[in-house]
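Please look through the structure below with the sequence beside it, and follow the path of the chain as the paragraphs move from one part to the next.

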Amino acid sequence: MSIRIIAVILAAAAAAAIGFFLAGGGRLGPGASLTPEGLKATRLYPTPRPLPEFTLERPDGRPLTLADWRGRWNLVFIGFTHCPDICPVALGTLRDIERRFPPERAPQVTFISVDPERDRGETLERYVGFFNPRFLAATGDHDSLQRLTRALGLVYLHRPTEDGYEVDHSASIVIVDPQGRLVGAVPPPHDPAVVAADLARLMGG
Amino acid sequence: MRLLALIAFLLLRAIPAAASEEGVTVEGPWIRLAPPEARVMAGYGLLRNPGSSDRVLVGAESEAFGAIEIHETYEQDGLMRMRRLSELPIPAGGAVALKPGGPHLMLFRPSKPLPEGAEVPIRLRFSEGEEQVVVFTVRAEPPG
């Protein structure tokens, strides 16, 4: 019995040591410029991940590409306008986060609709603009959306229901740095003050 | 005399009936303000059952919406999903919160745009056939 207890303690200690090592490895790895210290809600990737080039369509027909994310800190959220519960909460949260920064430092927020069948043109533009006219909105064909969401560490799927379909989607806020690299993600639930503080820390301010 | 007995009988009947039929109350009923383009909205509030028997919410309707269903947001494998609930039990003496990220009233096809502060009567239907009209207020943020 006591041997088993000792074994459990040793296993726990080993797991803790491995966890410590991994955390340290993440900090010291080549190319790492960000540290998880002091971040309250954000899950950082060990090193920022360059994103692939992509082309989505904005409501006015212009393309949205990786170039639109370069030069600014970005918060990205995927959803759809026929989403009464999660998406309005997230967009309200993103509005609140954005307001906590002076305009010149404010993150750029992009809402990507993963429901292109229903979210095109003015509907998407007005829906997102309702929360903040500065927010970017875009969608695309499912090939483009799947490629980009995967690269962002997000998932969505359309699930048939008795009277149509439902869209299941990740509800994390993704952080993309001014080099167009995936830095981390904030899983729900989101506290605007906490996310804004994490982001300010990542920005190095 | 016979009349007095009848009155007494009716009174005695009425008292326990009133106690057991104490309706479900909804604390802080609200609808999240949505863009005018939104084809769906969500209604929330704390459903309290002060009665001595369980109550089951089975549906709702309102002139303000094309249809209303009981839905639930839940997380599975890191995905936020939504499912329709055919009923929502509210245990005797207990409460169930309709809240963001949980069970809520899914309000389909608003018949007209609902600005902040609008008051929307919604008829809640329970399994025993009882109905109750609750006025929901459109708000940008949860009450309180």
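The paragraphs below begin with a sheet in chain A, follow the connections around one of its strands, and end with chain B.

Since this is a predicted model, what follows describes a computed arrangement. In chain A, six strands form an open sheet, and reading across it gives the order β1-β10-β9-β4-β5-β6, with mixed pairing. At the two edges lie β1 (43-50) and β6 of chain A, each of which pairs on one side only. Taken on average and with direction ignored, neighbouring strands of this sheet are turned by 25 degrees against each other. In general, the strands of a sheet pair through backbone hydrogen bonds, and they may do so in a parallel or an antiparallel way.

A good place to enter the sheet is strand β4 of chain A, which covers residues 74-79 and is joined to β5(A) by six bridges, the two strands running parallel. Strand β4(A) is also joined to strand β9 of chain A, residues 173-176, in this case by three bridges and with the strands running antiparallel. The residue A:N74 illustrates both pairings, for its bridge partner in β5(A) is A:Q108, while its bridge partner in β9(A) is A:V176.

How do the parallel strands follow one another along the chain? Strand β4(A), helix α2 of chain A (residues 86-99) and β5(A) together make a right-handed β-α-β unit. From β5(A) the chain then crosses through helix α3 of chain A, residues 121-131, to β6(A), and this β-α-β crossover is right-handed as well. Strand β6 of chain A, residues 136-138, runs parallel to β5(A) and is joined to it by three bridges, and within this pairing A:T110 stands opposite A:L136 of β6(A).

Why can strand β5 of chain A, residues 108-113, be called largely enclosed by the rest of the structure? Five of its six residues are buried, so the strand is largely enclosed, where a residue counts as buried if 20 or more other C-beta atoms lie within 10 Å of its own.

Chain B can be read in a similar way, beginning with its elements. Chain B has one helix and 10 strands, and from the N terminus on the helix comes before the strands, in the run α-β-β-β-β-β-β-β-β-β-β. Of the 144 residues of chain B, 28% count as buried. Among the contacts in chain B between residues at least 6 apart in sequence, 66% join residues that are at least 24 apart.

Key. Residues are numbered from 1 along each chain as its sequence is written. Chains are lettered from A and ligands numbered from 1 in the order in which they are written. This is a predicted model: local features need pLDDT of at least 70, side-chain atom pairs count only at pLDDT 80 or more; totals for chains, interfaces and linings use all residues. A residue is buried if 20 or more other C-beta atoms lie within 10 Å of its own, exposed if 12 or fewer, and partly exposed in between; C-beta atoms are placed from the backbone. Helices (H or I, at least four residues) and strands (E, at least two) are DSSP runs, numbered from the N terminus. Two strands pair if DSSP finds at least two bridges between them. A crossover is right-handed if, with the strands pointing away from the viewer, the path from the first strand over the helix to the second runs clockwise. Axes are lines fitted to C-alpha atoms, for helices over the stretch in contact, and angles run from 0 to 180 degrees between N-to-C directions. Two residues are in contact if their C-beta atoms, placed from the backbone, lie within 7 Å.
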